[in-house]
Structure formats: structure tokens, C-alpha cells
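Here's a quick walk through a model, written for someone who would rather look at side chains than at scores. Keep the viewer open as you read.

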Amino acid sequence: MGLIYKPFGIFLGIVAALLGKRIFNFAWTKIDDEDPPKATTEETTWARLLAASAVQGVIFKVVRVVVDRYGAIGWRYLTGKWPGEKRPDPDE
């Protein structure tokens, strides 16, 4: 079942990235009037650079988890099978 779910999961990853980028850009406009700095931006402060990175990381991870979860729920609805584990391994 995992092999059949793989293309679906890749598509969901692309959707999550696009959605995460839009949400981050919207959130950053509420934080700062300028575009978020890149690591190679010479004239920026460390605080601003790390803040942009932290906000972006949190937004991207949360969006990815939400999209993956709803994708798994949709897959189960369509096929009757859950695409991943039922519960986490006790060793982790």
C-alpha cells in the first residue's frame, strides 16, 4: 500500500510547500514591512534573520503535518487502508 500512496504523498508535499509559503508571506507582512531576509542578505541583523527563519520553520512544519494528516484521512476514506503506522514504535 505504501508504494501506491507514494505519488499521492509527493503531491501533498508540493501542496503543503506552496501553502506554507503563502501563509509565511502573509504572516511576515504582519511582522515586518520589508521582505524576509535570506541568509546571504548582507545588511540585516542576526535577530531579524533568525526570527524569519524560526517563523518560517514553524509555519512550514505545522502546514506539512496538517496536510499529511488530512491526506492520510482522505486516503483511508478512498481505499479503506491507513497509509502509515497504526501507532508509534515503543522504542522511540
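What follows covers the core, the aromatic rings, one of the helices and the two main pockets.

A word on ground rules: this is a predicted model, so local features need pLDDT of at least 70 and side-chain atom pairs count only at pLDDT 80 or more, while totals for chains, interfaces and linings use all residues. Residues are numbered from 1 along each chain as its sequence is written, and side-chain values use heavy atoms, with hydrogens and water left out.

**The core**

Start in the middle of things. The largest nonpolar core has 11 residues: Tyr5, Leu12, Ala16, Phe24, Trp28, Ala52, Ile59, Val63, Val67, Ala72 and Trp75. (A nonpolar core is a set of buried Ala, Val, Leu, Ile, Met, Phe, Trp, Tyr and Cys residues joined through side-chain atoms within 4.5 Å.) Helices α1 and α2 are the elements that give two or more residues to this core, and the largest share, six residues, comes from α2. (Helices are DSSP runs of H or I with at least four residues, numbered from the N terminus.)

Ala52, in helix α2, is buried at 3% relative accessible area. (Buried means under 20% relative accessible area, with a 1.4 Å probe and protein chains only.) The C-alpha atoms of Ala52 and Gly20 are 14 Å apart, with their positions 32 residues apart along the chain.

**The rings**

How many aromatic pairs does the structure hold? There are four. (Rings of Phe, Tyr and Trp, the last by its six-membered ring, pair if their centres lie within 6.5 Å; planes under 30 degrees apart are stacked, over 60 edge-to-face, and the rest tilted.) One of them is Tyr5 with Trp75, edge-to-face at 5.3 Å centre to centre and 75° between the planes. Tyr5 sits in α1 and Trp75 in α2, so this pair ties together parts 70 residues apart in sequence. Tyr5 counts as buried at 15% relative accessibility, and Trp75 is buried too, at 10%. Ring pairs also link Tyr5, Phe8 and Trp75 into a cluster.

**Helix α2**

Does the length of α2 come out bent or straight? Its 34 residues should span 50 Å at 1.5 Å a residue, and the end C-alpha atoms are 48 Å apart, which agrees. (The expected span is 1.5 Å times one less than the number of residues.) The buried residues of α2 are Arg48, Leu49, Ala52, Ile59, Val63, Val67, Gly71, Ala72 and Trp75. Right after α2 comes Gly80, with a positive phi near 85°.

**The pockets**

Here are the two pockets side by side. (On a 1 Å grid over the protein atoms alone, a pocket is an open set of points where a 1.4 Å probe fits, with protein on both sides within 12 Å along at least five of seven lines; lining residues have an atom within 4 Å of a point. Grid points are joined across faces, edges and corners, and a volume is the space filled by probe spheres set on the points.)

| Pocket | Volume | Lining by class | Top contributor |
|---|---|---|---|
| Largest pocket | about 250 Å³ | six nonpolar, four polar, three charged | α2, five residues |
| Second largest pocket | about 160 Å³ | four nonpolar, two polar, three charged | α2, three residues |

(Ala, Val, Leu, Ile, Met, Phe, Trp, Tyr, Cys and Pro count as nonpolar, Asp, Glu, Lys and Arg as charged, and the others, Gly among them, as polar.)

Of the 13 residues lining the largest pocket, Phe24, Pro36, Pro37, Lys38 and Gln56 are the closest to its centre. The second largest pocket is lined by Tyr5, Gly9, Asp68, Arg69, Ala72, Trp82, Pro83, Gly84 and Glu85. For this second pocket, α1 and α2 each supply at least two lining residues.

Methods
Buried means under 20% relative accessible area, exposed over 50%, partly exposed in between (1.4 Å probe, protein chains only).
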